[in-house]
Amino acid sequence: MQHNPLTRRIAASPLAPLATFPIRLADVTRHNAQSVKKSAAWLVRSREHVHYTYDLEPHNLEHLAWFVATVTGSRVDAVRGYLAEAQEDAELRRVLGAGLARSDRRATTDPVIRYGRRIGWYAMVRALKPRFVVETGTNRGMGSVVIAAALLRNGTGRLATADIDDRSGELIIPPYDKVVDHVVSDSLEFLAGPAVRQDPIDLLFADTGHTAEHERAELAAATPLLSPGAVVLATKAYCWPELSRWAEEQGREFLFFNEQPRDHWYPGVGIGASFPALVRA
Ligand SMILES: C[S@@+](CC[C@H](N)C(=O)[O-])C[C@H]1O[C@@H](n2cnc3c(N)ncnc32)[C@H](O)[C@@H]1O
């Protein structure tokens, strides 16, 4: 379009905003019509009203593979294999499906397993083979069980997870519960307590998403507990810069993966990751 002499002349004219109004109107209408169509389909299809679940667009999964490979220093083809392994894990889907079906929140739950960014958490655990993983913010336990499935596949490692809500962790059921210690606690008390003092933390998921101040306090509390090569992940990196600031203070790297949900109106969240410093020229 920039090469078209007519549009070039229009763009140079003082009347350009008026002249291009129909083009701009058509663009924004097309965009919003697609959003309305997706939203209407979701309103009919889904029962969820909080903590939306979705799959990721295929090209977004490919970005996730590169993101995990960079953060963990792994080959991207190995990471693609881990992502496929999680998606094809029939036992994991069966157990999560059974847990959701008997939940007392099943009336507002979709009976379909959609992992979103958690599939990247699975690949992180498979790539890093951590001995000790900590999660703040268990919620129902979807992430905890995905992490546990990767730990079981590794044949080593435990997860400690905490949530302030006493209804949390309902999906942490056999066989995944054998590698998970779930506690009901404020995350700062949890990080100061015995549940996370057993070993250095190799992988931390900061997922309470409470406030920026709370996340900063979680990172400060966890700092002395981390192993030298630890990776720290935070979902709310799309809302505030706490993890990237902490990474810089600690002389670490920072990257962010942006989710692109498939067939969903929700714009998605993501994964912020801080990992040991790369050697720079
Ligand atoms: C986004 S959800 C966690 C999602 C979960 N990791 C998953 O994979 O589905 C955030 C959770 O953090 C919990 N939370 C909020 N503030 C907290 C706090 N101060 N201490 C512990 N948990 C907290 C909430 O109860 C909520 O269940």
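**Domains.** I began with the spacing of the two domains in this predicted model: the C-alpha centres of domain 1 and domain 2 lie 39 Å apart. Four residues from domain 1 and six residues from domain 2 make up the contact. I then checked the bounds, and the domain assignment puts domain 1 at 5-43 and domain 2 at 46-275.

**Whole chain.** Next I stepped back to the protein chain, where I found 11 helices and seven strands. I boxed the C-alpha atoms along the principal axes and got roughly 70 × 55 × 35 Å. Of the 281 residues, 46% are buried. I also looked at contacts between residues at least 6 apart in sequence, and 70% of these join residues at least 24 apart.

**Surface and charge.** I noted an exposed area of about 14,500 Å² for the protein chain, with 57% of it supplied by carbon and sulfur atoms. My charge tally came to 33 positive and 33 negative side chains. The centres of those two sets lie 7 Å apart.

**Strand β7.** Here I asked myself: is β7 buried or exposed? Six of the six residues of this strand, residues 270-275, are buried, so β7 is largely enclosed by the rest of the structure. I went through it face by face, and both faces are covered. One side carries Gly270, Gly272 and Ser274, while Ile271, Ala273 and Phe275 sit on the other, and all are buried.

**Partners of β7.** I looked up two pairings. Strand β6, residues 253-258, pairs with β7 in the antiparallel sense over six bridges. As one position to click on, I marked Phe254, whose bridge partner in β7 is Ser274. Strand β5, residues 226-234, also runs antiparallel to β7, and three bridges join them. On that side I marked Ala234, which stands opposite Gly272.

**Ala234.** I stayed with this residue of strand β5 for a last look. Why does Ala234 count as buried? Its relative accessibility is 1%, and the cut-off for buried is under 20%. Which residues does Ala234 touch, leaving aside those up to four places away in sequence? I listed Ala206, Glu215, Leu243, Ile271 and Gly272. Two of these names, Ile271 and Gly272, were already in my notes as buried residues of β7, on opposite faces of the strand. Finally, I took the C-alpha to C-alpha distance from Ala234 to Gly73, which is 19 Å, with their positions 161 residues apart in sequence.

Key: Residues numbered from 1 in each chain as written. Predicted model: local features only at pLDDT ≥ 70, side-chain atom pairs only at ≥ 80, totals over all residues. Heavy atoms only, no water. Helix = DSSP H or I, 4+ residues; strand = E, 2+ residues; numbered from the N terminus. Buried < 20%, exposed > 50% of the residue type's maximum accessible area, 1.4 Å probe, protein only. Contact = heavy atoms within 4.5 Å. Areas by Shrake-Rupley, 256 points an atom, 1.4 Å probe, with all protein chains shown as cover. Lys, Arg positive; Asp, Glu negative; His and termini not counted. Charge placed at Lys NZ, Arg CZ, Asp CG, Glu CD. Pairing = 2+ DSSP bridges. Domains from an automatic or database assignment.
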